[in-house]
Amino acid sequence: MFRFAKAPTYLLVSALLSSSFTAQADNFNALPEIGTTAASTLTIEKEMEYGDAYMRMLRASMPVISDPLLSEYIQDLGHRLVANANDVRTPFNFFMIQNREINAFAFFGGHVAIHSGLFLHAQSESELASVVAHEIAHITQRHLARSMEDQAKKSPATMAALIGSLMLAIASPEAGIAAIHATTAASAQGQINYTRSNEKEADRIGIATLAKSGFNVQAMPRFFGRLADQYRYASTPPAMLLTHPLPESRISDSRSRANQFPAKRVSTSERYQHARARIVARYAGIDSEAALDWFNRQLIKANAQQKNALNYGKALVYIDSGKYQQAHELLDPLLAAEPSNRFYIDSATDLDLYEKKYDQAITRLEKALKGNPNNKVLRLNLAHALQKAGRSTESISILTRYTYDNTDDTNGWHMLAQAYADNGRRDAELASRAELMALRGQWDKAIQHYIQASQLVEVDSLDQARYDARIDQLRLARARVANL
């Protein structure tokens, strides 16, 4: 599959929400003394606005993985859990960040981030799902909003500083905890205590969600216990243990709650195994020799299903290393046995395009789309294959519809910009790149790109009217974020 350059690596996310809470500080003095719904501090609508703004900042500052296959997998896993969760008030968005640290975090608006390193340490899909279910519970129980309400009662004067540092602490624990300490020691200690009380609640609700979703509930205490043992004496524990402390009482409590559910044997997920192999091959931050060594060591003890995924991972390493014959030897039998497996179709397309077999790739993808016409992975692959074949007009047709259906997918806008560039449509290329910038919160650059696009087209044309209307929309969006 096509791969794009990563976003700039780990610029620390600065305080997101300072201006509005400075202006609203007096309002916090009137907060009620009792309440856990957080409605008095933050409405669901306002949470959605904050979440959208923070998501745009993350796209610009962290290496968000834009791999369509991995995005499809993590979205499917997350929404399987959400379908069995209670108190769901917002849409959910699940995404991955390329980082070998063991971590996951949730924030306003139903956004859940999973570090790629979590795949390397979770030994089953149920263990991965246990972490995701825990994060979903943080959102459904509105723990961040409730934490803000708790702090507002105690220290309204520090709210502007606290809200920014709390959001920073979600994604960058070391920097965020330091920022909290920079406000007041009392506020920092109160926040730590409040967080710990929320962890058990998220475990309890997460275990119930796991059970309803058909996963092994014992995976949660098993995974947490293994983490605690592994890092018990570590001087620098992983980020997940900074924001999700694991005292023995919490592990015991999760084990006790898991034991209340009947024992369940859960079969190994083939998609999980393939997603994990893809991460090792392309997103683990190791060279090809180290990746091949890892796959070969795992193959020694693997069962038949695991061997397919591991050989798929090896094929990816060979493709990325330009060793196409070795890749064919592994991938061709896998694709013959499972011709509808999208992991295999995607990689076979990679091979076709590298070997300039454009018609073969296009035929394969068109055939796959007949059985699954709305699949994002296949649509993007076909648009990419058409582009490589010099058929940019057909690629534009697919991508125009795709970006309409998936406005927040950076893949679609990136490819559409390139397709317009290949087609000599400079105005449309600028407009597509503007949408990419807007998704990263780069409002001024996005507006400037649209202004340039508007100047390139005929005066009073439909294109100019469309570009000018979008400029107005982006200016309003910039103003809303500035007023948060």
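**Exercise 1. A residue in helix 10**

Asn198 is found in helix 10, which covers residues 185–212. Work out whether Asn198 is buried or exposed, and find which residues Asn198 touches beyond those up to four places away in sequence.

*Solution.* A word of caution first: this is a predicted model. Start with accessibility. Asn198 has a relative accessible area of 6%, and the cut-off for buried is under 20%, so Asn198 counts as buried. Next, look at the neighbours. With residues up to four places away set aside, Asn198 touches His138, His143 and Arg146.

**Exercise 2. The chain as a whole**

Take stock of the chain: how many helices and strands does the protein chain have, and what share of its 484 residues is buried?

*Solution.* Counting secondary structure gives 25 helices and three strands. Buried residues come to 55% of the 484. Now for the contacts: if you take those between residues at least 6 apart in sequence, 67% join residues at least 24 apart.

**Exercise 3. Two helices and their spans**

Compare the end-to-end reach of helix 6 (residues 125–140) with the expected value, do likewise for helix 16 (residues 304–320), and then check burial in helix 6 and in helix 16.

*Solution.* Begin with helix 6. Its 16 residues reach 22 Å from first C-alpha to last, close to the 22 Å expected at 1.5 Å a residue. On burial, 16 of the 16 residues of helix 6 are buried, so helix 6 is largely enclosed by the rest of the structure. Step just past the end of helix 6 and you meet Arg142, with a positive phi of about 55°.

Helix 16 has 17 residues and reaches 25 Å, close to the expected 24 Å. Its buried residues are Ala309, Leu310, Tyr312, Gly313, Lys314, Ala315, Leu316, Val317, Tyr318 and Ile319. And what covers them? The cover includes helix 4 (68–82), helix 14 (270–282), helix 15 (288–300), helix 17 (324–337) and helix 18 (342–354).

**Exercise 4. Helix 20 and two partners**

Describe how helix 20 (residues 376–388) packs against helix 21 (residues 392–405), then how helix 20 packs against helix 22 (residues 410–422).

*Solution.* Take helix 21 first. Helix 20 and helix 21 pack at about 155°, with axes 8 Å apart. That angle makes helix 20 roughly antiparallel to helix 21. The crossing of helix 20 past helix 21 is left-handed. From helix 20, the contact uses Lys376, Arg379, Leu380, Leu382, Ala383, Leu386 and Gln387; from helix 21, it uses Ser392, Glu394, Ser395, Ile398, Leu399, Arg401, Tyr402 and Asp405. Sorted by class, the contact of helix 20 with helix 21 holds seven nonpolar, three polar and five charged residues.

Now turn to helix 22. Here the angle with helix 20 is about 20° and the axes are 11 Å apart. Helix 20 and helix 22 are therefore roughly parallel. Helix 20 passes helix 22 in a left-handed crossing. The residues in contact are Leu380, Ala383, His384 and Gln387 of helix 20 and Asn411, Gly412, Met415, Gln418, Ala419 and Asp422 of helix 22. By class, the contact of helix 20 with helix 22 has four nonpolar, five polar and one charged.

**Exercise 5. Two buried side chains**

Find the contacts of Thr403 and of Met55, leaving aside neighbours within four places in sequence.

*Solution.* Thr403 lies in helix 21. At 4% relative accessible area, Thr403 is buried. Its contacts are Gly412, Trp413 and Leu416.

Met55 sits in helix 3 (residues 44–61) and is buried, with a relative accessible area of 4%. Met55 is in contact with Asn93, Phe95, Phe107 and His111. For a sense of the fold around it, check Phe108: it is 53 residues from Met55 in sequence, yet their C-alpha atoms are 9.3 Å apart.

**Exercise 6. Positive phi in loops**

Where do Asp87 and Asp460 lie, and how accessible are Asp87 and Asp460?

*Solution.* Recall the background: most residues other than glycine have a negative phi. Asp87, not a glycine, has a positive phi of about 60°. Asp87 lies in the loop between helix 4 and strand 1 (93–97), and is partly exposed at 44% relative accessible area.

Asp460 is not a glycine either, and has a positive phi of about 65°. Its place is the loop between helix 24 (443–456) and helix 25 (462–482). With 72% relative accessibility, Asp460 counts as exposed.

Notes: Residues are numbered from 1 along each chain as its sequence is written. This is a predicted model: local features need pLDDT of at least 70, side-chain atom pairs count only at pLDDT 80 or more; totals for chains, interfaces and linings use all residues. Side-chain values use heavy atoms; hydrogens and water are left out. Axes are lines fitted to C-alpha atoms, for helices over the stretch in contact, and angles run from 0 to 180 degrees between N-to-C directions. Helices (H or I, at least four residues) and strands (E, at least two) are DSSP runs, numbered from the N terminus. Angles under 35 degrees count as roughly parallel, over 145 as roughly antiparallel, 65 to 115 as roughly perpendicular and the rest as oblique. A crossing is left-handed if the near helix is turned anticlockwise from the far one by less than a right angle, and right-handed if clockwise. Contact means heavy atoms within 4.5 Å. Ala, Val, Leu, Ile, Met, Phe, Trp, Tyr, Cys and Pro count as nonpolar, Asp, Glu, Lys and Arg as charged, and the others, Gly among them, as polar. The expected span of a helix is 1.5 Å times one less than its number of residues. Buried means under 20% relative accessible area, exposed over 50%, partly exposed in between (1.4 Å probe, protein chains only).
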